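Student: I'd like a close look at one part of this model, the salt bridges, and then how they sit in the rest of the chain. Could you walk me through that in one go?

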Amino acid sequence: MGWSFAGLCYAGSHLSWFLLSPPEQKEAEANKVSALLLALRQQLRSCRGELILARGPRTIKDLFEVCGVEGKNLEWMLEIKNRLDPAHILNPGR
């Protein structure tokens, strides 16, 4: 498919960084990438892990919850963000 992949794992810290790059960022590809990330997140959660999208194109961020937070924790995070950044100028759209 032409994708490139790189990974870095820190022994003992349970922290891993991965770079996954599709050949071209197209809107149709964004749906595939989002579905892939969601499936990977579910696999990681089954092992008590988490997937956070640290960086990516807007087309992916619009389809995928980048922080992996859901439920009550998401409500609390949004409330804190609203109080600290009422004009929503920091990280717009997140």
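Tutor: Let's start with Glu79 and Arg83, whose side chains meet in a salt bridge at 2.8 Å, N to O. This is a predicted model, so take that distance as a computed one. Why do these two side chains pair up along the helix? Glu79 and Arg83 are four residues apart in helix H3, so about one helical turn separates them. As for cover, Glu79 is partly exposed, with a relative accessible area of 38%, while Arg83 counts as exposed at 65%.

That pair is one of five salt bridges in the count. Another one joins Asp62 to Arg58, with the closest N and O atoms 3.2 Å apart. Here Asp62 counts as exposed at 54% relative accessibility, and Arg58 is partly exposed at 41%. Arg58 is also where helix H2 begins, since that helix covers 58-61.

Now for the bridge with a buried partner. Arg41 forms a salt bridge with Glu50, and the closest N and O atoms are 3.2 Å apart. Is Arg41 buried or exposed? Its relative accessibility is 4%, so Arg41 counts as buried; the cut-off for that label is under 20%. Glu50, on the other hand, is partly exposed at 37%. This pair doesn't stand alone either: Arg41, Arg45 and Glu50 are linked in a network of salt bridges. Helix H1 runs over residues 27-46, and the loop between H1 and H2 follows.

That loop has a backbone detail you may want to check. Arg48 sits in the loop between H1 and helix H2, and Arg48 has a positive phi of about 65° although it is not a glycine. Why flag it? Because most residues other than glycine have a negative phi. The Arg48 residue is exposed, with a relative accessible area of 81%. His88 gives you a second case, with phi near 55°, again a positive value in a residue other than glycine. You'll find His88 in the segment after helix H3, which spans 72-84, and His88 is partly exposed, at 41% relative accessible area.

On to the nonpolar side of things. The largest nonpolar core has eight residues in all: Ala30, Val33, Leu37, Leu51, Leu53, Ile60, Phe64 and Val66. H1 provides the largest share of this core, three residues. If you want one residue to follow through it, pick Leu37: leaving out residues up to four places away in sequence, Leu37 touches Leu51, Leu53, Ile60 and Phe64.

What about Leu36, the next residue to look at in helix H1? Leu36 counts as partly exposed, because its relative accessibility is 43%, between the cut-offs of 20% and 50%. Leu36 belongs to a nonpolar patch on the surface together with Phe5, Phe18 and Leu20, and the four have about 420 Å² of accessible area together. So helix H1 holds Leu36, a partly exposed residue, and also supplies three residues to the core.

The cysteines are quick to deal with. How many disulfides does the structure hold? The number is zero. Cys9 is exposed, with a relative accessible area of 53%, and Cys47 is exposed too, at 62%.

Stepping back, the chain has three helices and two strands, and read along the sequence they follow the pattern β-β-α-α-α. Of the 94 residues, 17% count as buried. The accessible surface of the chain comes to about 7600 Å², and 60% of that belongs to carbon and sulfur atoms. For the contact pattern, look at pairs at least 6 apart in sequence: 32% of those contacts join residues at least 24 apart.

If you go back to the salt bridges with all this in mind, you have Glu79 with Arg83 inside helix H3, Asp62 with Arg58, and the network of Arg41, Arg45 and Glu50, in which Arg41 is buried at 4% relative accessibility.

Conventions:
Residues are numbered from 1 along each chain as its sequence is written. This is a predicted model: local features need pLDDT of at least 70, side-chain atom pairs count only at pLDDT 80 or more; totals for chains, interfaces and linings use all residues. Side-chain values use heavy atoms; hydrogens and water are left out. Patches are made of residues with over 30% relative accessible area and no salt bridge: like charges are joined within 9 Å, nonpolar side chains (Val, Leu, Ile, Met, Phe, Trp, Tyr) within 5 Å. Accessible areas come from the Shrake-Rupley method with a 1.4 Å probe; for residues, only the protein chains shown count as cover. Buried means under 20% relative accessible area, exposed over 50%, partly exposed in between (1.4 Å probe, protein chains only). Contact means heavy atoms within 4.5 Å. A disulfide is a pair of cysteine sulfur atoms within 2.5 Å. A nonpolar core is a set of buried Ala, Val, Leu, Ile, Met, Phe, Trp, Tyr and Cys residues joined through side-chain atoms within 4.5 Å.
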